[in-house]
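Biologist: I have a model open on my screen and I'd like to learn how to read it. Could you take me through it, one feature at a time?

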Amino acid sequence: MVFKIAKLPGDGIGPEIVDQAVKVMDAIAAKYQHQFNYEFGLVGATAIDKVGNPYPKETHEICMNSDAVLFGAIGDPKYDNDPKAKVRPEQGLLAMRKALGLYANIRPVTTFASLLDKSPLRKDIVEGADLVVVRELTGGIYFGEKGRSEDQKKAFDTCTYTTEEIERIIKLAYEYAAKRNKRLTIVDKANVLATSRLWRETAQKMEADYKDITTDYMFVDNAAMQLIQWPKKFDVMVTENMFGDILSDEASVITGSLGLLPSASVGIHTSVFEPIHGSYPQAAGKNIANPVATVLSAAMLLESLNLMDEAKKVRDAVDASLAAGVVTEDISKEKAYKTSEVGDWLADWIKKN
Ligand code: IPM
Ligand code: MG
């Protein structure tokens, strides 16, 4: 089959890691007789530098006309310490989420046996942990009204949710839980926030439609604590935008390497697949960044195109590379391989297996 893939490498290490995912996808294409036609789009700081807009219209059109988007990372330190910057790379990411209607961000957190000693947590706590964080992505405080008073001495960000926004993300989370271990934890701050009370009220009404799934409710502060103490307790966790931003970063370090975890953002238009780590500017251009999170994001992308065997092949290739010690410096125990060497090895493994 022929697929159109929007390729948005973005900033920092984005281009190098996306190159490896493309190598892997092309190896899959050759093996299973598919064709992936990539179209490049500018995004993030790179797009600001070139055309003054972190999510240009042309990029949006490329995304809209593609079957899936393969995304690298965005962010540049020159903006991080400049709170007065008028345009920021992150605005590109938020604009893309909104314009594509990507209301759900799915972050699976799995552990890799050979890397358990890299986790900041004790082995017995993390071994076998396997959970998915479902984060609402186009609502809440990220997109609510915000501003500054005239005298500049007061600032505000508002958190808003509608019942429809809550229903669609909870429905999606229930569908995930149904395919997994049938447990859903709804995370909110209903003891304090009105939006959280609407989340809880809405979820409580929906519970009856999913009788075979165990639903529980947890305040976000408690969830942050339990995630570290008993990560194995969780199956699917669903929460609003900012809580999800924070909890999914927390969940991701449990496994021991941020460089391994993929994500999918799905919703109304084309889905976006990207590693959960950032643009790691210190490593940009050095050929040392771990490409695995992006390669596993490509596996999620293949699944979204219903290419299940192909996605499994990519995962098997990653498992084989970890077992063989063909890994970058962030997780290597002996020899550290370069980003491009890991990509070559994975593509070659797919060719031969
Ligand atoms: C993420 C990132 C973004 C977010 C930033 C870069 C705007 O942290 O994808 O989790 O906060 O959503
Ligand atoms: Mg984040």
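Modeller: Sure, let's begin inside a helix. K171 and E175 both belong to helix α7 (residues 163-179), and being 4 residues apart there, they are separated by about one helical turn. Keep in mind that this is a predicted model.

Biologist: What do the side chains of K171 and E175 form, and how far apart are the closest N and O atoms?

Modeller: The general idea comes before the case. Side chains of opposite charge can pair when their charged atoms come close. Here K171 and E175 form a salt bridge, with the closest N and O atoms 3.2 Å apart.

Biologist: Is K171 buried, exposed or partly exposed? And which of these fits E175?

Modeller: K171 has a relative accessible area of 43%, so it is partly exposed. E175 counts as partly exposed too, at 37% relative accessibility. While we're on charged groups, D130, R180 and D235 are joined into one network by salt bridges that share partners.

Biologist: How many salt bridges does the count come to?

Modeller: The count comes to 17 salt bridges. One of them is between the side chains of K23 and D344, at 2.8 Å from N to O. That pair links distant parts of the chain: K23 sits in helix α1 (residues 14-32) and D344 in helix α13 (residues 339-352), 321 residues apart.

Biologist: How accessible are K23 and D344?

Modeller: K23 is partly exposed, at 26% relative accessibility. D344 is partly exposed as well, at 42%.

Biologist: Which residue does D117 form a salt bridge with?

Modeller: Its partner is K333, and the closest N and O atoms of D117 and K333 are 3.7 Å apart. D117 lies in the loop between β4 (104-110) and α6 (123-126), while K333 lies in the loop between α12 and α13, so the pair ties together parts that are 216 residues apart in sequence. Both D117 and K333 are exposed.

Biologist: Now a charged residue without a salt bridge, please. Where is E274 placed, and which side chain of opposite charge is nearest to it?

Modeller: E274 is in strand β12 (residues 272-275). It is buried yet has no salt bridge, and the nearest side chain of opposite charge, R97, is 4.3 Å away. To count as a salt bridge, the nitrogen has to be within 4 Å of a carboxyl oxygen.

Biologist: Which residues is E274 in contact with, leaving aside its neighbours within four places in sequence?

Modeller: Those contacts are F71, G72, L93, R97, P262, S263, S265 and S297.

Biologist: Let's try F3. Is F3 buried or exposed?

Modeller: F3 has 6% relative accessibility, so it counts as buried. You'll find F3 in strand β1 (residues 2-10). Leaving aside neighbours within four places in sequence, F3 is in contact with H34, Q35, F36, N37, D67, L305 and L307. There's also a C-alpha pair to look at: F3 and S66 are 63 residues apart along the chain, and their C-alpha atoms are separated by 7.7 Å.

Biologist: What about backbone angles? What is phi of Q152 near, and what is phi of N306 near?

Modeller: Phi of Q152 is near 70°, a positive value in a residue other than glycine. Phi of N306 is near 70°, again positive and again in a residue other than glycine. Q152 is in the loop between β6 (146-148) and β7 (155-157), and N306 is in the loop between α11 (292-304) and α12 (308-324). Q152 is partly exposed, with a relative accessible area of 46%, whereas N306 counts as exposed at 60%.

Biologist: Let me zoom out. How many helices and strands does the protein have?

Modeller: It has 13 helices and 12 strands. The radius of gyration of the protein is 20 Å, close to the 20 Å that the globule rule gives for 353 residues, so the protein is as compact as a globular protein of that length. Along its principal axes, the C-alpha trace spans about 55 × 50 × 40 Å.

Biologist: What share of the residues counts as buried? And what about contacts between residues far apart in sequence?

Modeller: Of the 353 residues, 52% count as buried. Among contacts between residues at least 6 apart in sequence, 75% join residues at least 24 apart.

Biologist: How many positive and negative side chains are there?

Modeller: There are 43 positive and 50 negative side chains, and the centres of the two sets lie 1 Å apart.

Notes. Residues are numbered from 1 along each chain as its sequence is written. Chains are lettered from A and ligands numbered from 1 in the order in which they are written. This is a predicted model: local features need pLDDT of at least 70, side-chain atom pairs count only at pLDDT 80 or more; totals for chains, interfaces and linings use all residues. Side-chain values use heavy atoms; hydrogens and water are left out. Helices (H or I, at least four residues) and strands (E, at least two) are DSSP runs, numbered from the N terminus. The radius of gyration is taken over C-alpha atoms; the globule rule is 2.2 Å times the number of residues to the power 0.38. Buried means under 20% relative accessible area, exposed over 50%, partly exposed in between (1.4 Å probe, protein chains only). Contact means heavy atoms within 4.5 Å. Lys and Arg count as positive and Asp and Glu as negative; His and the chain ends are not counted. The place of a charge is taken as NZ of Lys, CZ of Arg, CG of Asp or CD of Glu.
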